[in-house]
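Open the structure in your viewer and keep the selection tool at hand. This tour goes stop by stop, telling you what to pick and what to look for there.

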Amino acid sequence: MKEVFAGAVLAIAMTVAAAAPIAAHHSFAAEFDITRPVTLVGSVTKIEWTNPHAYLFIDVKDPQTGAVTNWEIEMGSPNGLTRLGWTRTMLKPGDGVTVEGSMGRNKPNLANARSVVMTATGKKLGAASSEGAQ
Amino acid sequence: MKWAATALVVLFSSALLLAQAGRGAIAGRITTDQGDPAAGVTVQAKDAAGKFTSVVASGNGEFRLANLPAGTYEIVVPQMGLRTARYAQPNVVIEAGRTVTLNIRLMPNNFGILGDDEAFLQIYNKYKDLKGATPRTSDGHPDFSGMWLANVDPNPTPAQMLPWAQQEWERRRDRAFEGMPTSRCLATDPTLTLPVFYKIVQTRTLLIHLFEQDPHYRQAFIDGREHPKDLDPTWLGHTIGRWEKDTLVLDTVGLNDKSWLLQATWLPHTEMLHIVERYRRPDLAHLNIDVTIEDPASFVTPVERHVTWLSTPGEELFETICPENNKFLQNSAFK
């Protein structure tokens, strides 16, 4: 699979010693590859606020060719996102975002999100768990 | 195979004299994988005899275990929810009169799809100081009703499986546990030990668990009835309960062999599965649950888990209709 995508600004290899990565709903490792992290900079085209996972769709433009690719970003459930302070209207089509996550294994232009930052405000949506615990 | 946490560990000793001869200390700071203070996590020092000494990290993630007899310890940070991986650093030598510094960076357990469980520590810290007496029902029994944030056993002992079960477990592992029933929108683990929210509704005759995975409820009959004969095996089985003083003992049989047991382990089992849960509420904030999982056709000895749930009265369950938009099968690398 082509690993240099439009807007991919960073891909750091991570050392992972896991054999049994487990998520609440499904096995992470069956769907995503932690050894292929990706950062995507683009604009929101659609949000699916659904169970068992919400999905964020973003258009990412290749800075060299100008070609635009629509990426599908898996997130947690609306329940988990709501508990982090998200709402289904927090992101709207056209909003600029930077998404960090891992590449999907079986489908091009699929990734998960570990973090989403809004371009306009620099606000990190769904900050790390201990943030705000002070 | 266990998930071995990748951690940044800095070990050095400082010449801090301690008051008590023959004793030393360990101190440091715990951060998340993102570098934030991991407030509220428990740090355990396990000595050579298996005895634990523990302390909870402060708001800035700092911890100190003082007055430890000189010796060799394993330092453990148990898994918190689905968010963090269990951390274990063996062979930490505590010398008399010295403080060992151990800075720990936790790693995500599930590689962290945003929203999956990122809020666990945040919610845990919101309620961890909740205090009060055990609430009781009008008939004098402890009242377990309310919203609970479950957690995993901080020190789980590995299951000893019979050969067929071991082979099946290895097959699951080699397929990255892609076959988890919940990934197909099937039922959750019947041991009800996932580190998620459970809501308990208690009446004189029923103890009902509500949760955000299929089948969304389990009812335990605490009206004195027995298990029916010739039960058709089901995902969560048939549960009855009886009071032993302030402990409610729940007994579940009639289980099918399709469920996977225990988060991060996912054990196979047969229809001989028998689950006994002992519920105690020692105070307002905590629910202590001892789970014994018996299946002589799968395990050499019963598997035990000891968990503590935290009362979270300001939280609520959400509707969760899994088949609404489940893309796992089309996105999975395994076909």
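The stops below begin with one chain and then move on to the other. Keep in mind that this is a predicted model.

**Stop 1: chain A as a whole**

Select chain A and colour it by secondary structure. Two helices and seven strands appear. Follow the chain along its sequence and the order reads α-β-β-β-α-β-β-β-β.

Now switch on the surface. The accessible surface of chain A is about 5400 Å². Carbon and sulfur atoms account for 55% of that surface. Chain A has 134 residues, and 54% of them count as buried.

How far apart in sequence are the residues that meet here? Take the contacts in chain A between residues at least 6 apart in sequence: 58% of them join residues at least 24 apart.

**Stop 2: a cis bond in chain A**

Select Asn51(A) and Pro52(A). The peptide bond between them is cis, with omega about 0°. Pro52(A) sits in the loop that runs between β1 (32-48) and β2 (55-61) of chain A.

**Stop 3: Ser102(A)**

Go to strand β4 of chain A, residues 96-104, and pick Ser102(A) within that strand. Is Ser102(A) buried or exposed? Its relative accessible area is 2%, so Ser102(A) is buried.

Show what surrounds Ser102(A). Leaving aside neighbours within four places in sequence, its contacts include Phe28(A), Phe32(A), Asp33(A) and Ile34(A). Leu110(A), Ala111(A) and Asn112(A) are also among the residues in contact with Ser102(A).

**Stop 4: the largest nonpolar core**

Select Ile58(A), Val116(A) and Ile30(B) together. They belong to the largest nonpolar core, which has 54 residues. Within this core, these three touch the most other members. Helix α1 of chain B, residues 120-127, gives the most to this core, with four residues. The core also draws at least three residues from each of two domains of chain B: domain 1 (10-105) and domain 2 (130-331).

There is a general background to such a cluster. In soluble globular proteins, nonpolar side chains tend to be buried together.

Zoom in on Ile30(B). Not counting residues up to four places away in sequence, Ile30(B) touches, among others, Val41(B), Val43(B), Phe63(B), Val77(B), Ile104(B) and Leu106(B). Asp36(B) and Gly61(B) are also among the residues that Ile30(B) touches.

Another core lies apart from this one, with 38 residues. To find that second core, select Ala159(B), Met161(B), Ile200(B) and Val303(B), which are among its members.

**Stop 5: Pro154(B)**

Pick Pro154(B), in the loop between β9 (146-149) and α2 of chain B. Pro154(B) is partly exposed, with a relative accessible area of 27%. Which residues does Pro154(B) touch, not counting those up to four places away in sequence? They are Gln44(B), Pro78(B), Arg86(B) and His306(B).

Measure from Pro154(B) to Gln44(B), C-alpha to C-alpha. The two are 110 residues apart in sequence and 9.4 Å apart in space.

**Stop 6: the disulfide**

How many disulfides does the structure hold over all chains? There is one. Select Cys185(B) and Cys322(B), which this disulfide joins, S to S 1.9 Å. The pair ties together parts that are 137 residues apart in sequence, because Cys185(B) lies in the loop between α2 and β10 of chain B and Cys322(B) in the loop between β17 (303-311) and α3 (328-331).

Look along the S-S bond. Its torsion is about -70°, so the disulfide is left-handed. Cys185(B) is buried, with a relative accessible area of 14%. Cys322(B) is buried too, at 7%.

**Stop 7: backbone angles in chain B**

Select Leu192(B), in the loop between α2 (163-174) and β10 (197-202) of chain B. Leu192(B) is not a glycine, although its phi is positive, about 50°. Leu192(B) is buried, with a relative accessible area of 1%.

Next, move to Trp266(B), in the loop between β14 (247-253) and β15 (274-280) of chain B. Trp266(B) also has a positive phi, about 60°, without being a glycine. Its relative accessible area is 4%, so Trp266(B) is buried.

Finish at Asp214(B) and Pro215(B). A cis peptide bond joins them, with omega about 0°. Pro215(B) lies in the loop between β11 (206-211) and β12 (217-221) of chain B.

Notes. Residues numbered from 1 in each chain as written. Chains lettered and ligands numbered in written order. Predicted model: local features only at pLDDT ≥ 70, side-chain atom pairs only at ≥ 80, totals over all residues. Heavy atoms only, no water. Buried < 20%, exposed > 50% of the residue type's maximum accessible area, 1.4 Å probe, protein only. Contact = heavy atoms within 4.5 Å. Core = buried A, V, L, I, M, F, W, Y, C linked by side-chain atoms within 4.5 Å. Domains from an automatic or database assignment. Areas by Shrake-Rupley, 256 points an atom, 1.4 Å probe, with all protein chains shown as cover. Disulfide = S-S within 2.5 Å.
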